[in-house]
Amino acid sequence: MTSEMDLKSKTQEKFNELYGPGASLYASAGRINLIGEHTDYNEGFVLPGAIDRGIVAAVRPNGTDTVRLYSLDFGSTAEFGLEEKDGPREQWARYVFGVCREIVKRGGRVGGFDAVFAGDVPAGAGLSSSAALESCFAFALDDLFNDGRIDRFELARIGQSTEHNYIGVNCGIMDQFASVFGRRGCLMRLDCRSLEHEYFPFDPQGYTLVLVDSVVKHELSGSPYNERRASCERVAGRLGLPSLREATMEQLEAVRPDLSDEDYRRARYVIGERDRVIGVCDALRRGDYESVGRLMYETHEGLSHDYEVSCPELDFLVDVARDCGVTGSRIMGGGFGGCTVNLVRDSLLHPFLDTARARFADRYGHEPRIYEVNISDGARKL
């Protein structure tokens, strides 16, 4: 794992080589979501946290109307203006261009600047490297050109709008929210209806939070996310509610004869997950990480059997975790591949990882990737 100090040194050195001295350094973070999957579009709760893997950027205004970028990870440069017509061809540079444009659309100021950036968020692992990049530059450009006047929630929305308008991904706000608002040692419960948030202490002494990446991604035919959302909306409509946020299990059981089995199971998962997020928050207040782990397993069972967004590789990794006595394990993210997030007692960590590597390789022909993570700070000036 690359340390933030290494990233700072690399970006500063490359910036000085390309553009000369005088850059300011900024950072932002990738994220995990401990619990609360597929609850955002049901107006429920999520519980993300920023992690100690992210993006570091060296940035300096250049007094022109041109942006000059260098990506250490891609080993390439991009140059563009600040008008809508100036969008760069390079996909990685469009994230930064989109942030510039979204700030301007909101009445903010952006001038030309030079920047070098690098990151250590594993691509494709579901840790939101794109949100880290957006949040890092949104924070930096607010600081350099707007004296920090842009509200932090607006910085998160700038990243979200960049995804919508310049990348073509119609994402929710959780990833950018976590990257902007992250606080070391705390998870954040975000109310996806009101956008109110609350910090909860996450200090699992004697435990390690580790991601096990299956390195697989299944492409399913059709629109699996849209189909699940439609199921939830049908059930909410039958209950006379705007969303499943307010639904109870008793209400769901009362209308079960009117529902398809699939719609019933989708709603059962969402209502249960809403309650599990609240349960995890209560357990965190008590410092009860065994209860946190139990609820993580329950979430996985719901995602696998009721919501049906898991896959054999992820179910296998969760079974291995359970066999090894891991406190909590579940699929993390939208589904159909990616990582499991695991809460492991320190005394069991190395035996679990050794077993997971060996058994997964024996079954699927390759080892999973392992990422230990700590809950860290979000966007900031270094």
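Is His38 buried or exposed? In this predicted model, His38 is buried, with a relative accessible area of 7%. That value falls under the 20% cut-off for a buried residue, so the label follows directly. His38 sits in the loop between strand 1 and strand 2, and its backbone is a bit out of the ordinary: phi is positive, at about 60°, although the residue is not a glycine. Most residues other than glycine have a negative phi.

Asp147 makes a handy companion to His38. Asp147 also has a positive phi, about 55°, without being a glycine. Its place is the loop between helix 3 and helix 4. Here, though, the side of the story about accessibility flips: Asp147 is exposed, with a relative accessible area of 61%, whereas His38 is buried.

On to the sheets. One open sheet is built from six strands, and walking across it gives the order 5-4-6-3-1-13, with mixed pairing. The edges belong to strand 5 (76–81) and strand 13 (380–381); each has a single partner strand, so one side of each is left without a neighbour in the sheet. Further in, strand 4 (residues 66–71) and strand 6 (residues 113–119) run parallel and are paired over five bridges. Within this pair, Leu69 faces Ala115 of strand 6.

Two helices lie across strands of this six-strand sheet. Helix 1 (residues 4–19) crosses strand 1 (24–33), strand 3 (48–61), strand 4, strand 6 and strand 13, and runs at about 145° to strand 6. Helix 5 (residues 174–181) lies across strand 1 and strand 3, with an angle of about 130° to strand 1.

A second open sheet has three strands, in the order 2-7-8, and its pairing is antiparallel. Strand 2 (45–46) and strand 8 (197–201) take the edges, each with a single partner strand, so one side of each has no neighbour in the sheet. Strand 7 (residues 186–191) and strand 8 are joined over five bridges in the antiparallel sense, and Cys186 stands opposite Pro201 in strand 8. Helix 5 turns up again here, packing on the sheet and touching strand 2, strand 7 and strand 8; its direction makes about 140° with that of strand 7. Helix 8 (residues 261–286) also lies across strand 2, strand 7 and strand 8, and runs at about 50° to strand 8.

Strand 9 deserves a paragraph of its own. Of the 11 residues in strand 9 (residues 207–217), nine are buried, so the strand is largely enclosed by the rest of the structure. Strand 9 runs antiparallel to strand 11 (residues 337–345), and eight bridges join the two. Strand 9 is also antiparallel to strand 12 (residues 369–373), this time with five bridges. Leu211 appears in both pairings: it stands opposite Val341 in strand 11, and its bridge partner in strand 12 is Tyr371.

Next come the open spaces. The largest pocket holds about 1600 Å³ of space. Its lining counts 47 residues, of which Arg31, Cys171, Gly172, Asp175 and Gly334 are the closest to the centre. The elements that supply two or more lining residues are strand 1, helix 3 (129–146), helix 4 (152–167), helix 5, strand 9, helix 6 (224–239) and strand 11. Strand 9 gives the largest share, with four residues. By class, the pocket lining splits into 19 nonpolar, 19 polar and nine charged residues.

And what about enclosed space: how many cavities of 30 Å³ or more does a search of the whole structure find? There is one. The largest cavity has about 30 Å³ of space. Its lining is made up of Thr39, Asn42, Gly44, Leu244, Arg245, Val270 and Arg274. Sorted by class, these are two nonpolar, three polar and two charged residues. One of the lining residues, Val270, falls within the span of helix 8 (residues 261–286).

Definitions and conventions:
Residues are numbered from 1 along each chain as its sequence is written. This is a predicted model: local features need pLDDT of at least 70, side-chain atom pairs count only at pLDDT 80 or more; totals for chains, interfaces and linings use all residues. Side-chain values use heavy atoms; hydrogens and water are left out. Two strands pair if DSSP finds at least two bridges between them. Contact means heavy atoms within 4.5 Å. Axes are lines fitted to C-alpha atoms, for helices over the stretch in contact, and angles run from 0 to 180 degrees between N-to-C directions. Buried means under 20% relative accessible area, exposed over 50%, partly exposed in between (1.4 Å probe, protein chains only). On a 1 Å grid over the protein atoms alone, a cavity is a set of points where a 1.4 Å probe fits but cannot get out, and a pocket is an open set with protein on both sides within 12 Å along at least five of seven lines; lining residues have an atom within 4 Å of a point. Grid points are joined across faces, edges and corners, and a volume is the space filled by probe spheres set on the points. Ala, Val, Leu, Ile, Met, Phe, Trp, Tyr, Cys and Pro count as nonpolar, Asp, Glu, Lys and Arg as charged, and the others, Gly among them, as polar.
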